[in-house]
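This report describes selected local features of one protein model, with the criteria behind each term stated where the term is used.

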Amino acid sequence: MKDKVSAIICAAGKGERAGFSKNKLLAPIYGAPAIWHTLKKFDIPEIDEVVVAASEEDFEEISALCAPFKYSVVKGGQTRTESVKRALAAVSGEIVLIHDGARPFVSRGLILSCIDGVKKFSSAVCAVKLTDTAVIAQLGLVTDRLDRSETFRVQTPQGFYTEDIRRAYGLAGDRVYTDDSAAFCEFIAPARLIDGEESNIKLTFKSDFIRELPLPAAVSGLTGFGVDVHAFGKKQNFIKLCGVEIPCDTGLIAHSDGDVALHAVMDAILSAAGLKDIGHYFPDNDPAFKGADSALLLAQVVEIIGKKGLRVKNVSVAVQAEKPRISAYIDNMVARVASLTGADRGNISITAGTSEGLGFVGEGRGICVYAVATLYEA
């Protein structure tokens, strides 16, 4: 039987070193509160439950951010240690990952490595090997040097069997820790380190919010191309492109609703994910897809790649058509594609052109659409 995996996100601090007038986790990065990016990273199938610790002051605002994810929120304490204890009392999984809300750039791969590490070693603490020379100093004077080959910077998430870390904190009494592995090491066993990531930075100072932060990187090679064509001839006075109805003197012939643009987008996304084309998932000889709304089919494609831990980052669409004129509808088309794929609107590009009278498109017999999509690991 599969172990249930819970995650705790610590968000009850004040973040005073950042110098904001409120909790630093509510300060924006990339157009959304920093904590929102952290919450989104744990919205993956491998995590069964998420409990967020929030201060009484920020409880309402953080609860609102957690609501779309259906995460539980508990009131934290005056210290990180107390907040973790309260959250531990609320989780129900056999395995628990504890993560700082101020680390919004954690990757899905690191989260999965942490889960696997617990199963193999009973604990898994993300850490990065120190590359700089490290010294110990008192009053500004160096008193000792550390062997950097044996020195690591500890990160989160940190994973444990829930009962082990509960027991450690129970035995700790009033002791306060800056990370959970310290309590585990003191009362249970030496914690197992696993490879962390340099990009998994902790937002601490205001400069961390205004410098160039690492974007969620597109996974190398996950760019796909799609193309589709449909002929005019259906008896209707409109066509659909990117889910938007556009007046036309004839419709497009197709088994589904004939949205040639969304069909190209779907093939591009599936191609980027290394999957088969839309004909495999929605065959044109299946009555179930007769007249199907292509927007609903695209939603299914996004769900399919989501199960592989992938999300849509960019979509570029090039429509080749002599008719109808679509320039007045492009903004609505961009908004629709963004809504359906979950990509930022600014990452969607739709252009339109003709074929200068050449070929079946130039002769006004149909429409051809090319699409490119880039995916990233959520």
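Helix axes are lines fitted to C-alpha atoms over the stretch in contact, and angles run from 0 to 180 degrees between N-to-C directions. Helices (H or I, at least four residues) and strands (E, at least two) are DSSP runs, numbered from the N terminus. The model is a predicted one, in which local features need pLDDT of at least 70 and side-chain atom pairs count only at pLDDT 80 or more, while totals for chains, interfaces and linings use all residues. Residues are numbered from 1 along each chain as its sequence is written, and side-chain values use heavy atoms, with hydrogens and water left out.

The axes of helix α5 (residues 162–172) and helix α6 (residues 180–187) come within 9 Å and cross at roughly 80°. Angles under 35 degrees count as roughly parallel, over 145 as roughly antiparallel, 65 to 115 as roughly perpendicular and the rest as oblique; α5 and α6 are therefore roughly perpendicular to each other. With contact taken as heavy atoms within 4.5 Å, Asp164, Ile165, Arg167, Ala168, Tyr169, Leu171 and Ala172 of α5 meet Asp180, Ala183, Phe184 and Phe187 of α6. The residues of this contact divide into eight nonpolar, no polar and three charged, where Ala, Val, Leu, Ile, Met, Phe, Trp, Tyr, Cys and Pro count as nonpolar, Asp, Glu, Lys and Arg as charged, and the others, Gly among them, as polar.

Two cis peptide bonds are set out below.

| Residues joined | Omega | Place of the proline |
|---|---|---|
| Thr156 and Pro157 | about 15° | Pro157: strand β10 (residues 152–161) |
| Lys323 and Pro324 | about -10° | Pro324: loop between β16 (310–320) and α11 (330–341) |

A further backbone feature concerns Ser122, which has a positive phi of about 75° although it is not a glycine; Ser122 lies in the loop between α4 (108–121) and β7 (123–129).

Turning to charged side chains, a salt bridge is a side-chain nitrogen of Lys or Arg within 4 Å of a carboxyl oxygen of Asp or Glu, and by this rule the count comes to 13 salt bridges. Among them is the pair Arg86 and Glu82, whose side chains meet at 3.3 Å, N to O. Because Arg86 and Glu82 are four residues apart in helix α3 (residues 80–88), about one helical turn separates them.
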